[in-house]
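Me: I would be grateful for a close look at a single part of this protein, followed outward into its surroundings. Please keep the account connected, moving from that part to what lies around it.

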Amino acid sequence: MTTLAEMTTDIELYTTYDDTDFIAEIPRFIRAAEERVWYFVQLPDFQRNVTGSFTAGNGYLQLPDDFLACASLAVIMPVGDPLAGEYHYLLPKAVSYIREVYPNPTATGEPLVYSIFTADENDTTILVGPTPDVAYATQLNYFYRPPSLVDQPTGTWLSVHAYDTLLYGALSESANYLKKTAGIDSMGDTYEQRFLVGLQGLKNLGETRDKKDIYRNSEKRGTE
């Protein structure tokens with residue numbers, strides 16, 4: 001099972017409810033389930049890399065629109081530097097730390113630390129310290145908001161590799177809707193438990209198994 005049409009059909013079959021208003025809400029149920037996965041599980045498939053650049057004298061770097069959280073940030077030493085081409089990874093710090101350690105924004109050097117700096121909900125950037133002294137190319141590795149099955153109806157990573165988890169998450173959301181609008185309260189707890197089991201499996205995959213190899217860590221012997 002992979003597509004939006006298949007997911008929609010399964011939700012109708014499981015709930016045995018085909019009211020027009022309910023069917024119209026199914027995309028919202030799916031989006032809500034996806035959001036719960038994205039915010040609770042760190043899967044490698046939810047990461048991407050982008051390149052960018054700092055300009056000399058500007059300590060801010062604009063973040064991608066689909067940015068959720070930073071995994072790492074590196075500056076690449078420029079041509080002419082004895083270490084040209086090397087990747088130097090910055091340490092994450094609080095904005096207050098950067099402002100205290102590098103209080104003068106006009107004092108420049110190779111960036112060593114960074115912090116997420118939110119001016120407003122439409123302008124989220126990275127602040128570094130010290131302010132870059134030259135133009136540095138950058139590589140940002142970050143967790144992003146993958147496309148929703150609603151917007152990519154032929155299939156997404158979740159609908160292909162974790163279909164049951166996504167289905168039970170959407171069913172759990174639908175149970176809340178049905179309880180409120182139709183007075184139906186029969187399977188909500190079961191759907192939620194099945195979703196949580198799937199969520200734990202995804203966490204085990206993304207945050208335990210994908211961080212190890214069998215050669216160094218042997219095979220998995222129990223719940224991790």
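**Helix H2 and its surroundings**

Reply: Helix H2 bends by about 35 degrees at Ile-26, and a proline, Pro-27, follows within four residues. The model is a predicted one, and the description below should be read accordingly.

H2 spans residues 20–40. With its 21 residues, the helix reaches 32 Å from its first C-alpha to its last, which is close to the 30 Å expected at 1.5 Å a residue. The residue at the bend, Ile-26, is itself buried, as are Phe-22, Phe-29, Ile-30, Ala-33, Glu-34, Val-37 and Trp-38 of the same helix. The cover over these buried residues includes helix H1, strand E3 (67–76), helix H4 (157–161), helix H5 and helix H6.

Val-37 shows this packing at the level of one residue. Leaving aside neighbours within four places in sequence, Val-37 is in contact with Phe-46, Leu-158, Phe-195, Leu-199 and Leu-202. Val-37 and Ile-30 also stand out in the largest nonpolar core, which has 30 residues: together with Met-7, Ile-11 and Leu-158, they touch the most other members. The elements that give two or more residues to this core are H1 (4–15), H2, H5 (163–181) and H6 (188–207). Among them, H5 gives the most, with 9 residues. A second, separate core of 15 residues includes Val-75, Tyr-136, Leu-140 and Tyr-144.

Ser-174 offers a view of H2 from the side of H5, the helix in which this serine lies. Ser-174 counts as buried because its relative accessibility is 0%, below the 20% cut-off. Not counting residues up to four places away in sequence, Ser-174 touches Phe-22 and Phe-29, and also Thr-15. Both of these phenylalanines are among the buried residues of H2.

Strand E3, part of the cover over H2, leads on to the sheet. Four strands form an open sheet in the order E1-E10-E3-E4, with antiparallel pairing. The edge strands, E1 (47–53) and E4 (87–89), each pair on one side only. From one strand to the next, the twist averages 30 degrees. E1 is joined by 7 bridges to E10 (residues 137–144), and the two run antiparallel. Within this pair, Val-50 has Leu-140 of E10 as its bridge partner. Leu-140 is also one of the residues of the second core.

Beyond E1, the chain enters the loop between E1 and strand E2 (60–62), where Asn-58 lies. Asn-58 counts as partly exposed because its relative accessibility is 33%, which falls between the cut-offs of 20% and 50%. Asn-58 and Pro-132 are 74 residues apart in sequence, yet their C-alpha atoms are 6.4 Å apart in space. Not counting residues up to four places away in sequence, Asn-58 touches Pro-132 and Thr-131.

These local details belong to a protein whose secondary structure comes to 7 helices and 10 strands. Buried residues make up 38% of its 224 residues. Of the contacts with a separation of 6 or more, 67% are between residues 24 or more positions apart.

Note on methods:
Residues are numbered from 1 along each chain as its sequence is written. This is a predicted model: local features need pLDDT of at least 70, side-chain atom pairs count only at pLDDT 80 or more; totals for chains, interfaces and linings use all residues. Side-chain values use heavy atoms; hydrogens and water are left out. Two strands pair if DSSP finds at least two bridges between them. Axes are lines fitted to C-alpha atoms, for helices over the stretch in contact, and angles run from 0 to 180 degrees between N-to-C directions. A nonpolar core is a set of buried Ala, Val, Leu, Ile, Met, Phe, Trp, Tyr and Cys residues joined through side-chain atoms within 4.5 Å. Buried means under 20% relative accessible area, exposed over 50%, partly exposed in between (1.4 Å probe, protein chains only). Contact means heavy atoms within 4.5 Å. The expected span of a helix is 1.5 Å times one less than its number of residues. The bend at a residue is the angle between axes fitted to the seven residues ending there and the seven starting there.
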